[in-house]
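Dear colleague,

Please find below the structure that I am handing over to you, followed by a summary of what was found in it.

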2 protein chains.
Amino acid sequence: MSYTYEHPRPALTVDCVVFGLSDCSLNVLLIQRANPPFQGQWAIPGGFVDMDEALDDAARRELQEETGIKNLFIEQLYTFGSVDRDPRGRVVSVAYMALVRQADYRPQHADDAADADWFAVDSLPELGFDHQQILAMAHDRIRSKVQYQPIGFELLPRKFPLRDLQRLYEIILDREIDKRNFRKKMLNMDVLEELDEFEQNVSHRAARLYRFNRRKYQQRLKEGFHFEI
Amino acid sequence: MSYTYEHPRPALTVDCVVFGLSDCSLNVLLIQRANPPFQGQWAIPGGFVDMDEALDDAARRELQEETGIKNLFIEQLYTFGSVDRDPRGRVVSVAYMALVRQADYRPQHADDAADADWFAVDSLPELGFDHQQILAMAHDRIRSKVQYQPIGFELLPRKFPLRDLQRLYEIILDREIDKRNFRKKMLNMDVLEELDEFEQNVSHRAARLYRFNRRKYQQRLKEGFHFEI
DNA sequence: GCAAAAGTGTTTCGGGTACACCCATGT
DNA sequence: ACATGGGTGTACCCGAAACACTTTTGC
């Protein structure tokens, strides 16, 4: 089967920067390329956009093929279209950023990848294509966006102690935060649900668990509320 | 001439939301479509991406064809790729936003447009395609970005009185701003150059002119400075 | 009882906001 | 002289930041 057009068309792909969080670092999911170009090098997962799927759907599909996870948070980042960004020819790529609960699954690599693994954002391997640049932009985006939108919760389990939320911000923003001020501000925003559950299996006093209440957040937004760290 | 590919490819276009400022409104440049679909309706200027030009270059080129202006401020906005957004088939469009000094030129329409004109953003005509949505996103973007990046200057003449700068913010943000506080804040940022020139041909005391000093701004950025209205 | 982390208020400081009058210029 | 807009300083208030001790739990 082949397709013919009057004018030449660039190929169109989506690439997806997947962020996860571990105890002490913000991580991204990379795949090791099984085929040329950049065979053996690490890269951001991605693939071609089908004719009958929207860009967001393509990103979600690729991500599911690479990771097995559905229903996650994704957001369009930027579209990269330098003429020479892919040695195989003109390829324009719509980059997405996704946030996942890293503990929920093991990376599984698709056929076009030799391997898939997490890397801390501050110690990345060399990347193929312009993926270094895409990743840098994604990192900037998450750093700034986490401060004024409640997207951090996408990286945590549904139920979490405040300490973990604070640690999340400390890791992403790369600065220490005062515990009392943090709790005060976070709880005052009134978008967290205080649960009657506590951490398990800790060798010290167990912390209370909280849950992000999206409904309450949406409601507060309408009242002119503004999420901010 | 025709081009054949193994897999089908969406067509790729750039669309450009051009903002200008007049005495009392923020405006966008629209063209009236000369051909179907949506013939006779107003739309955002745009066109196909050539194989040997980067996306930004395509946006700049289209813009120059539509308006005759080069060297203006452009910024990528978002990529729109719903399956049915164009009745002619699958067309993915990378949307840009541009800011121009509206007084500097008259709109001139290209061959594919019957007409081109400015419309105040708060009284737009009905638009073809998903251009209403693109425009709404551009409007959101300029509104939020103008508050933390010095892009407003792109809409003003090089030399301007502070009153005009304040009016710009009042128009874009749609709220009144206190004159003394505005001047204090703006001058304290130390990115404006106080000129020894004054307005001409006004029937009252002439205001001093200022100029945005980009070099000083870049330098202050490195010192950890943060532009904000 | 000791190690480890949870949980909790008050004071201080700086920046944002509110606010009104005199001055320069052209007609 | 008057109409029009240019230009200027101070007081208050609120939210951000700094800061240390007691409590709970497991070992």
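The residues of the surface near DNA strand C divide into eleven charged, four polar and two nonpolar. Please note that this is a predicted model.

Of the 17 residues around DNA strand C, those that come nearest are A:Arg163, A:Lys179, A:Arg183, A:Lys184 and B:Asn181. Of the strand's atoms within 4 Å of the protein, 39% belong to sugar or phosphate, and the rest belong to bases.

Three contacts with DNA strand C may be of interest at the bench:

- A polar side-chain atom of A:Arg163 lies 2.5 Å from a phosphate oxygen of the strand.
- For A:Lys184, a polar side-chain atom lies 3.0 Å from a base oxygen of DNA strand C.
- In the side chain of B:Arg180, an N or O atom is 3.3 Å from a base nitrogen of DNA strand C.

The elements that give two or more residues to the surface near DNA strand C are α4 (179-188) of chain A and α4 (179-188) of chain B. The largest share, four residues, comes from α4(A).

Turning to the two protein chains, a turn of 180° with a shift of 0.0 Å along the axis lays chain A on chain B with an RMSD of 0.1 Å. The two copies are therefore related as by a two-fold rotation axis. In chain A, the C-alpha nearest this axis belongs to A:Thr4, 2.1 Å from it. The copies meet through the same surface, because 100% of the interface residues of chain A are also interface residues in chain B.

With kind regards

Notes
Residues are numbered from 1 along each chain as its sequence is written. Chains are lettered from A and ligands numbered from 1 in the order in which they are written. This is a predicted model: local features need pLDDT of at least 70, side-chain atom pairs count only at pLDDT 80 or more; totals for chains, interfaces and linings use all residues. Side-chain values use heavy atoms; hydrogens and water are left out. A residue is near a molecule or strand if one of its heavy atoms lies within 4 Å of it. A polar contact is a pair of N or O atoms within 3.5 Å; within protein, one must be able to donate a hydrogen and the other to accept it, and residues adjacent in sequence count only if both atoms are side-chain atoms. Ala, Val, Leu, Ile, Met, Phe, Trp, Tyr, Cys and Pro count as nonpolar, Asp, Glu, Lys and Arg as charged, and the others, Gly among them, as polar. Copies are superposed by least squares on the C-alpha atoms of residues with pLDDT of at least 70 in both. Contact means heavy atoms within 4.5 Å.
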